[in-house]
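Here are some notes to read alongside the model, written for someone opening it for the first time. Keep the viewer open and follow the points in order.

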Amino acid sequence: MLRRERKRRLEAARAYREAGRDDLAAGEEAEEELISSYLPAELSDEALKEIVAQAVRDSGAESQKDMGRAMKQAMAAVDGRADGNRVSGLVRASLSG
């Protein structure tokens, strides 16, 4: 739930900045920082790549059609320390060679 709210705040801040409302964007960004302080630290790219590589090996995934198995394994190992889009991109890259 906190990740979803954090993402909403970032999207709102971006929209306010595009509309020229820096004052409202600053408020949204402050809320995003507060929410982020309650979330576990994000994994580094290097650590995430290692987790994804291990998940792909452990799941036996060999092609894009096996992505679901690899994602399930990777997301369990990540345990909320990385955004699903980051994980998905790395799994997809790993399976496409």
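1. Let's begin in a loop. Asp-66 sits in the stretch between helix 3 and helix 4. Bear in mind throughout that this is a predicted model. Is Asp-66 buried or exposed? Its relative accessible area is 14%, and the cut-off for buried is under 20%, so Asp-66 counts as buried. Beyond its neighbours within four places in sequence, Asp-66 is in contact with Gly-60, Ala-61 and Leu-95.

2. Leu-95 is a good lead into the core. The largest nonpolar core has 16 residues, and the ones that touch the most other members are Leu-48, Val-52, Val-56, Val-78, Val-87, Val-91 and Leu-95. Which helices feed it? Helix 3 (45–59), helix 4 (67–78) and helix 5 (84–95) each supply at least two residues of this core. As background, nonpolar side chains tend to be buried together in soluble globular proteins.

3. Try clicking on Val-91, one of the core residues just listed. Setting aside its neighbours within four places in sequence, Val-91 is in contact with Val-52, Met-67, Ala-70, Met-71 and Ala-74.

4. Now look at how helix 3 and helix 4 meet. Their axes come within 8 Å and cross at roughly 135 degrees. What does that angle make them? The two are oblique to each other, because roughly antiparallel would take an angle over 145 degrees. The crossing of helix 3 and helix 4 is right-handed. On the helix 3 side the contact is made by Leu-48, Ile-51, Ala-55, Val-56, Asp-58 and Ser-59, and on the helix 4 side by Arg-69, Ala-70, Gln-73, Ala-74, Ala-77 and Val-78. Sorted by class, this contact has 8 nonpolar, 2 polar and 2 charged residues.

5. Helix 3 has a second partner to check. Helix 3 packs against helix 5 at an angle of about 55 degrees, with the axes 10 Å apart. That angle makes helix 3 oblique to helix 5, and the crossing is right-handed. From helix 3, Asp-45, Leu-48, Lys-49, Val-52 and Val-56 take part, meeting Arg-86, Val-87, Leu-90, Val-91, Ser-94 and Leu-95 of helix 5. The residues here divide into 7 nonpolar, 1 polar and 3 charged.

6. Next, back towards the start of the chain. The axes of helix 1 (residues 2–18) and helix 2 come within 8 Å and cross at roughly 160 degrees. So how do they run relative to each other? Helix 1 is roughly antiparallel to helix 2, and their crossing is left-handed. In helix 1, Leu-2, Glu-5, Arg-6, Arg-9, Leu-10, Ala-12, Ala-13, Tyr-16 and Arg-17 meet Asp-22, Leu-24, Ala-25, Ala-26, Glu-28, Glu-29, Glu-31, Glu-32, Ile-35 and Ser-36 in helix 2. By class, the residues of this contact come out as 9 nonpolar, 1 polar and 9 charged.

7. Zoom in on Glu-28, which belongs to helix 2 (residues 22–36). With 17% relative accessibility, Glu-28 counts as buried. Which residues is Glu-28 in contact with, leaving aside its neighbours within four places in sequence? They are Arg-9, Ala-12, Ala-13 and Tyr-16. Gly-27 is in helix 2 too, but at 32% relative accessibility Gly-27 counts as partly exposed. Gly-27 and Arg-9 are 18 residues apart in sequence, and their C-alpha atoms are 9.1 Å apart in space.

8. For a contrast with that last pair, try Pro-40, in the loop between helix 2 and helix 3. Pro-40 and Asp-22 are 18 residues apart along the chain, with their C-alpha atoms separated by 28 Å. Pro-40 has a relative accessible area of 41%, which means partly exposed. Its contacts, without the neighbours within four places in sequence, are Arg-3, Gly-80 and Arg-81.

9. One backbone detail to finish. Asp-79 lies in the loop between helix 4 and helix 5 and counts as exposed, at 58% relative accessibility. Its phi is near 50 degrees, a positive value in a residue other than glycine. For context, most residues other than glycine have a negative phi.

Definitions and conventions. Residues are numbered from 1 along each chain as its sequence is written. This is a predicted model: local features need pLDDT of at least 70, side-chain atom pairs count only at pLDDT 80 or more; totals for chains, interfaces and linings use all residues. Side-chain values use heavy atoms; hydrogens and water are left out. Helices (H or I, at least four residues) and strands (E, at least two) are DSSP runs, numbered from the N terminus. Buried means under 20% relative accessible area, exposed over 50%, partly exposed in between (1.4 Å probe, protein chains only). Contact means heavy atoms within 4.5 Å. Axes are lines fitted to C-alpha atoms, for helices over the stretch in contact, and angles run from 0 to 180 degrees between N-to-C directions. Angles under 35 degrees count as roughly parallel, over 145 as roughly antiparallel, 65 to 115 as roughly perpendicular and the rest as oblique. A crossing is left-handed if the near helix is turned anticlockwise from the far one by less than a right angle, and right-handed if clockwise. Ala, Val, Leu, Ile, Met, Phe, Trp, Tyr, Cys and Pro count as nonpolar, Asp, Glu, Lys and Arg as charged, and the others, Gly among them, as polar. A nonpolar core is a set of buried Ala, Val, Leu, Ile, Met, Phe, Trp, Tyr and Cys residues joined through side-chain atoms within 4.5 Å.
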